[in-house]
Amino acid sequence: MADEVVLVDEISYPSKYTTTKPLPLLGHGITDMEIHFLQVKFYSIGVYLDPEIVGHLQQWKGKSAKELEENDDFFDALISAPAEKVVRLVVIKEIKGAQYGVQIESAVRDRLAADDKYEEEEEEALEKIVEFLQSKYFKKHSVITYHFSADSQTAEIVVSLEGKDDSKFVVENANVVETIQKWYLGGSRAVSPSTIASLANTLSVELSK
């Protein structure tokens with residue numbers, strides 16, 4: 001079947017990701033930055049969501065993609081909706097695990113501190129994530145998958161490196177789990193505007209049905 005793979009910046013993403021059930025790919029994009037007038041791409045992102053999530057977003061029915069894209073309340077509702085979510089990153093520009101770990105740590109810490117939710121437990125949870133990523137080296141096409149449970153209490157991080165067994169780590173601090181979701185799915189506060197635009201596009205179509 002031709003629709004089994006979706007190309008995101010020349011990287012193949014399966015159109016469905018199976019956890020407890022198949023989740024369709026509802027949004028995708030990349031993270032990039034302009035350095036000395038050159039576009040440097042860091043990784044591609046695919047977002048898989050339980051289709052039931054649409055039932056929790058009915059108050060935005062009939063809104064255009066643009067309206068959704070610019071509405072952070074919509075993305076907050078998407079994050080807090082009791083539905084499974086998977087964010088799959090595929091590395092474009094190779095990076096040391098330690099560097100990626102520091103990126104997550106500072107992004108999550110800053111957001112938690114701004115919300116007055118950064119306590120010892122959160123600090124400890126972030127340190128464990130950094131420790132898990134520390135020794136890894138993400139070559140091009142390495143995969144990092146975040147699987148967020150329907151109740152958003154836990155997140156499993158799975159790292160797939162070429163020629164090695166997958167390694168897994170479970171984040172059990174709900175504030176950290178929620179904030180990682182905000183980093184990837186949080187509307188204007190998210191790391192990849194192209195992913196947010198893509199999600200808004202798909203979900204506005206789903207909500208118009």
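Which residue stands opposite K85 in strand 9? In this structure, which is a predicted model, the residue opposite K85 is F148, and that match is one part of a set of paired strands that this report follows before turning to the aromatic rings, the contacts between distant residues and the largest pocket.

## The paired strands

Strand 6, which covers residues 85-91, pairs with strand 9 in the antiparallel sense, and six bridges join the two. Besides the match of K85 with F148, there is a bridge between V90 and V143, the latter being its partner in strand 9. Strand 6 also pairs with strand 5, again in the antiparallel sense, and here the pairing runs over seven bridges; within it, Y48 stands opposite V86 of strand 6.

How many of the residues of strand 6 are buried? Seven of the seven are, so strand 6 is largely enclosed by the rest of the structure. In a regular strand the side chains alternate between the two faces of the sheet. For strand 6, one side carries K85, V87, L89 and V91, while the other carries V86, R88 and V90, and both faces are covered, since the residues on each of them are all buried. The charged-looking names in that list may catch the eye, but K85 and R88 are counted among the buried residues here.Strand 9, made up of residues 143-148, is mostly covered as well, with five of its six residues buried. Strand 9 is joined to strand 10, residues 155-160, by six bridges, and these two strands run antiparallel. One of the matches between them pairs T145 with V158, its bridge partner in strand 10. The hairpin formed by strand 9 and strand 10 has six residues between the strands, and in this hairpin S152 takes a positive phi near 60 degrees.

## Aromatic rings

The structure holds nine aromatic pairs, and two of them are set side by side in the table.

| Pair | Distance between ring centres | Angle between planes | Kind of pair |
|---|---|---|---|
| Y17 and Y48 | 5.6 Å | 45 degrees | tilted |
| W60 and F74 | 5.4 Å | 75 degrees | edge-to-face |

Why is the pair of W60 and F74 edge-to-face? The planes of the rings of W60 and F74 stand at 75 degrees, and an angle over 60 degrees counts as edge-to-face. The planes of Y17 and Y48 are at 45 degrees, so that pair is tilted.

Y17 belongs to strand 3, residues 16-18, whereas Y48 belongs to strand 5, so their pair ties together parts that are 31 residues apart in sequence. Y48 has a relative accessibility of 0% and therefore counts as buried. The pair of W60 and F74 also links distant parts of the chain, for W60 sits in the loop between strand 5 and helix 1 (65-69) and F74 sits in helix 2 (residues 72-80), 14 residues apart. Both partners are covered: W60 counts as buried at 7% relative accessibility, and F74 is buried with a relative accessible area of 0%.

Elsewhere, Y146, F148, W183 and Y184 form one aromatic cluster. F148, a member of that cluster, is the residue that stands opposite K85.

## Residues brought together from distant parts

Two further pairs of positions show how the chain brings separate stretches together. F132 has its place in helix 4, residues 120-134, and counts as buried at 12% relative accessibility, because buried means under 20% relative accessible area. Along the chain F132 and G97 are 35 residues apart, and their C-alpha atoms are separated by 8.6 Å.

A200 lies in helix 6, residues 193-207, and counts as buried at 0% relative accessibility. A200 and G27 are 173 residues apart in sequence, yet from C-alpha to C-alpha they are 8.1 Å apart in space.

## The largest pocket

About 160 Å³ of space lies in the largest pocket. The lining of this pocket consists of T31, D32, M33, F42, Y43, K93, I95, Y100, Q103, W183 and V191. Strand 4 (22-35), strand 5 (38-49) and helix 3 (97-114) are the elements that give two or more residues to the lining, and the largest share, three residues, comes from strand 4.

By kind, the residues of the lining divide into seven nonpolar, two polar and two charged. W183 appears in this lining and is also a member of the aromatic cluster with Y146, F148 and Y184.

## The annotated domain

An unreviewed UniProt entry carries the annotation "domain: Chalcone isomerase", which covers residues 19-204; such annotations may be inferred rather than shown by experiment. Over residues 19-204 the chain is 38% helix and 29% strand, and the end C-alpha atoms are 25 Å apart.

Conventions. Residues numbered from 1 in each chain as written. Predicted model: local features only at pLDDT ≥ 70, side-chain atom pairs only at ≥ 80, totals over all residues. Heavy atoms only, no water. 1 Å grid on protein atoms, 1.4 Å probe; cavity = no way out; pocket = protein on both sides within 12 Å on 5 of 7 lines; lining within 4 Å. Points joined across faces, edges and corners; volume = space filled by probe spheres on them. Helix = DSSP H or I, 4+ residues; strand = E, 2+ residues; numbered from the N terminus. Nonpolar A, V, L, I, M, F, W, Y, C, P; charged D, E, K, R; others polar. Buried < 20%, exposed > 50% of the residue type's maximum accessible area, 1.4 Å probe, protein only. Pairing = 2+ DSSP bridges. Phe/Tyr/Trp six-rings, centres within 6.5 Å; stacked < 30°, edge-to-face > 60°.
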